[in-house]
Every structure is written in C-alpha cells, then in structure tokens.
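This report describes a protein model, beginning with the whole chain and then turning to one helix. Please keep the structure in view while reading.

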Amino acid sequence: MNFFFRLSAVSIFNRVRKKLHSLHITLNLFRVQSVNMGLLTEGSPLSWEETKALAEHVRQHGVEQFINLYRKLQDRTGDVLKWGDEVEYVIVKFDDKNERATVSLRANELLPKLQEKELADPQNVKSLWRPEYGGYMVEGTPGKPYGGLLAHFNIVEANMQYRRAEASALLQDGEVIMSITNFPRLGCTNFTSPPYKPTPNEGVTRSHYFPDEGIYQGHPRFKTLTSNIRLRRGEKVAINIPVFRDVNTKIPVDNSHTLEPDAAKPDCVYMDAMGFGMGCCCLQLTFQACCITEARTLYDQLAPLCPIMLALSAASPIYRGYLTDVDCRWNVISASVDCRTREERGLEPLKNNKFRIQKSRYDSIDSYLSPQNEKYNDIPIVHDQNIYKRLREGGIDHPLALHVAHLFIRDTVSLFSEKVHQDDENDTDHFENIQSTNWQTMRFKPPPPNSSIGWRVEFRPCEAQLTDFENAAYVCFVVLLTRVILSYQLNFVMPISKVDENMQRAQRRGACLNEKFWWRRDVGAPRDVAPPHSDATDEYHEMSINDIVNGKEGVFPGLIPLIESYLSGMDVDADTHCSVQQYLKLIQRRAAGDIVTTASWLRAFVTNHPHYKKDSVVTEKINYDLLKTAHGIQDGSIPAPTLLGGGNVSKTNEDIPKAFTKMMSRDCS
C-alpha cells in the first residue's frame, strides 16, 4: 500500500528532485517498496533471456535478504495499528453524439499533475496517486494511513470523495473517473481513445484484441512483465470464461476458436492478454500490526474471509463485450499472468523445469503462517527444498520458511540492470522482486529496511464498487473485523482446501445469494453473542453469505452481530457511530439479498435493456447506457434502490473531531 511507503519515498524524491521535470523519471519513482503490479524501480529492463539467466541469482540473494531482515526485525514490537485503502479507477470517455463509451489512455498525462501536491509537500498531502497496468487506470490512496481511533472510520469516505474530485478536476470534456472493476467492452474493436489496433504478430502482448498502447506507457515495468510472462510461459496466456447462455446465445461465441484452436474454447469468452486481468480495478486494504505475531495472526484469520468478501463485492460479469457466467474478476486475472510452462502445468513431463505447480502466481494462499494453524495446511505446498533448508538454517521457523520457499518456486519476471548487484545486508529488492509478483489473496509484508514501517498484511480480494459510500462500507467492515478478531481472539481458520473451494464458488453467477460456503461454526465468540452449540457435530458447515454475515440461530452468530457486540463497549462520537451503522446496514442488506451486488445490477441492466437481444452481447449502445447510468449512480444524480437501498447517506467528514464529548446517539436520521 502506497501510503506506508510515503516516508521512505520522501528521501528518494529529495535526492532526485531535479530530475522530476522528466515524466519518465517521475513515474519511475512510484511504489518504492511494493505494489499490485510488483516492485517499481528505476533503470533499464533486461531482456527475458538476460532475466532468465539471473533467476537463480535473484532467488538466492532474495532469500539472504529476507533472512537478514528477519534477524533484525523479528523482535520488533510496539508499532501502532495503522491501516488504509487503495482504490483503482478507470478513465472513461463518453462520446454522446455517437453514444459510445471508451477507455481514455491519458493516465500518463494525469499522473504528474495528480502528484504535484505530493512532490511539493509530501508530509501533508491528502492523497497519493500511482500508475496501474492500464494506460486508462490510476490508483489513489489516502495521503497518510488511518490509525486506531474509531473516528477514523468517518473520514474514509470523505477522503475517497476528495480523491475522485481531485482526479475529475483534471479531465477533459466527456471524460469521467469511474471505480468500476472491469470496463465491459475491454478488447472490443476501438475500445480505447484514441483508438489503436491490436498486433497479434508483433509487440509485447501479441493479442488479437488488446493493443500494446493500452498498457501504461510511463514505466517500462508493465510492458516488460507482459512480454516476459508470455515468453516464460512459452505461449500467450489463455483466459476462457464461460459465456452466459441466454436463449439466443451463439455457440461458438465468436471466431476465437479458429484464431487460436489450441487455446480458445468455443463456449467461452476467450481473452489472450495480460491486460484483460491486470486491466481490472479492485479495492484493497493494508494493516500494520504491532508485531510479527499479530501480523501472522491477521494473515491467517483473514484468509478464510477472502472468498466471502469476493462474493459480497462481486462486480464484474461482463468481459470483452459478453455477459459471462461468472460475477468476479479473480480467475480472469489469475489466468492473465499465468507464466507456468506446459511442464509446470502438468501438460508435459518435467524436463526443463523443477516443479509441477498447481496454481498461477495470482491466486489464493497455499498455507497459514502461525504455528498453531499448521494442521490446516491440507493441500500440497510445492516449495524449493534447498531454499527451505537455508531459511531454517537462518533461523526462520517452519511455517514461515515454508511460505517463503513456496513463493520462491517462481522466477523473477522483471529485472533491471541497475538492480542486479545488491547489498544483502541492507537491500531487499531481490526479495521484493519475487514477493511482490506473487499476487495472492493475502500478502504478508515485512518492514522495509531502515524504516519506521512495521509488519503488515494486505487484504486483496475485494472488487471495486461504483460509489464512495460502498467502497467505504466494505473498507470499514473489514477493518472492524480485524479489531473484533484481535479483541475477541476469534478463530476463523479452516482447512486451506475448503478456502480454495470457497474461492471458486465465490465467482459463480449469483454466488452472494445462491451459493453455500464452508465456514467454521464455533469461532470462539463471546458466549453472550454465541451460546455454545449443544448439537454441534461438525466443526465446519456450509452456510450462505447471509448466514455468515448476519448470523443463523444455532449455527453461527454472524459477523455483523460480532462487530456490533464489539462496538457496544466503545465510546464513539455520534457522527462516526451513524456512518458506521449506515455502512454495516449496506453490508447486511446485500448479504441478505435485500439489495443486489454490483455484478447482479450490471447483469440486470443489460438483460433488461431494450436493445438486448438475449444473445449475451453487450453492444456499444448498451455499454454506453450502462456506464452513463452507473456514472449517474456514482455522482448521486440517479437513484439506485435495488443496488444501494435507501438512506445510504453517511455523516462522513474530512476531519476527526478534536474531542469526543458527544454521547453515542441512537437517532441516526
């Protein structure tokens, strides 16, 4: 998360301030430590052959860097709770005359302007802006992390509103900033502004649908990753998402299966580029723990929550202009960066590679980190035994050594010439190179060297929501759960195999309302909230999202009741209390099916559109009307009772009250 690296970034900014007139150099400074797309650094990217030759070098030195960092910081304690969000946005351009909507490739122009305040006064900015994979994407975070006060929950939405307004002020006529998970016609003809044609026989992507110009141009990292993932895999990535079968849906869906007969499936929406996954937006959170033990606890306890929050935040049912039979982005991104070779995928006998690897480098976690949870690691954890041995010799305990040795079965897929030789006692770039390109549902993040930043965990499954109110609600809900977990010492842990099963169920069409998910019945909740089960014969039970969030008598107390129990003993100002209640109400109603997920709303809009021919096709006109309406909901000019319900107005404020003298008010009208 970017705000946690603000302090370390300041010194770098000061050293290179004179160079910041150059856009290229400016954008090379982003994400000093870790980002969604991996470590961003200055320098010249090496070719894939050069990178491949140095893969073992990066691995070995990365392990030594982690060991040295661990030795220095394993006993670090006393860091205060800090947390924050990151929201990714798409720049959409409306052509009202022709009733078309496209993505605007102007992130490269907007970012230097958005960062001017940070460069001028990095200690006092309200927002930080960073590049993302798409040339039409920007990412915004708070200028500094939030802290332990409950009153911080009341400034989250206001800061999101500020970020959206700040970016919107720089847009051209017809452009808007939208927090949509996926642009519905990404990959369709002329989906960018300005328009570019794909080049399937040359360039870094070699896609039939996604032009290289759609990739962010301001840093070589993104194109390098794209090319190297394809080259390492030995072929283009292949993404096949089942099409939603309506009464007039054609099978084959299109001619993809003739263009790529060995990759495209006739009954699927086929995509062949990293941009289809990494060009999606999401909502993520990072938490700083007081010590490494607490960070490992949060990592483990939040992991089972990832599929639940994925289903609850589902927001992406449309890909490449087709309605699909999924509601979420996860498997799309997973396939879009799957650099495993045919041998590693089990399609050919192992000859040139060491391991059969079950998952893409973008997927759910494979193991818990706390020693007491080892027994729940019930799937094979493919790992490098030599690296594991070195980590154990270096003083790393078994579960953490296994975790790192598992991450390090991956090769680096991006390396810069200036970063090949490092000081393993003081640098961590080689470790971060591999760590930050393992994009899992949770990420365990060591402190950067020589920094005031502590041990952190990143929560990564949530899809971006249309409105700031919704995004703030999801953020506050998850953060409150971390407080409840630590305060009540709850235990959500279940076998990893069940978490994996839940991840697949979470992405199905209508999963939030219709699917059942494995969940632990007795999480150790206070007995006034969850009386003991006299007839509990099974430790885990298949429950609906409603059961898990709102509770089911005799089965599970519910996450919201647990949060409310925690809050009942806390003093909080009236405005914060009312905002939190509104946020929890949204989560409650969405889990219960009283209001729908963003995915269900998008799907219903398309299928009820007068131009829809029941053929699963989202035409230019439907796409235009859909995004126009979504933008109206986003800015409050169009009501959306089925999506948001009524009364979804918080009392968010840009500032924390100087004193908490108000009693909690029960009247939140």
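The following paragraphs treat the overall form and then a single helix.

The model is predicted: local features need pLDDT of at least 70, side-chain atom pairs count only at pLDDT 80 or more, and totals for chains, interfaces and linings use all residues. Residues are numbered from 1 along each chain as its sequence is written, and side-chain values use heavy atoms, leaving out hydrogens and water.

The protein contains 25 helices and 17 strands; these are DSSP runs, with helices (H or I) of at least four residues and strands (E) of at least two, numbered from the N terminus. Its C-alpha atoms fill a box of roughly 65 × 65 × 55 Å along the principal axes. Of the 669 residues, 63% are buried, where buried means under 20% relative accessible area, exposed over 50%, and partly exposed in between (1.4 Å probe, protein chains only).

Helix α14 spans residues 385-393. The table sorts residues of this helix by exposure.

| Class | Residues of α14 |
|---|---|
| Buried | I387, Y388 and L391 |
| Exposed, on the face turned away from the buried side | Q385, N386, K389 and E393 |

Why do the buried residues lie on the same side of α14? They cover an arc of only 100° around the axis, which puts them on the same side; the arc is that of the directions from the helix axis to the C-beta atoms. These buried residues pack against α4 (55-73) and α15 (398-407), a contact being heavy atoms within 4.5 Å.

After α14 comes G395, whose phi is positive, near 95°.
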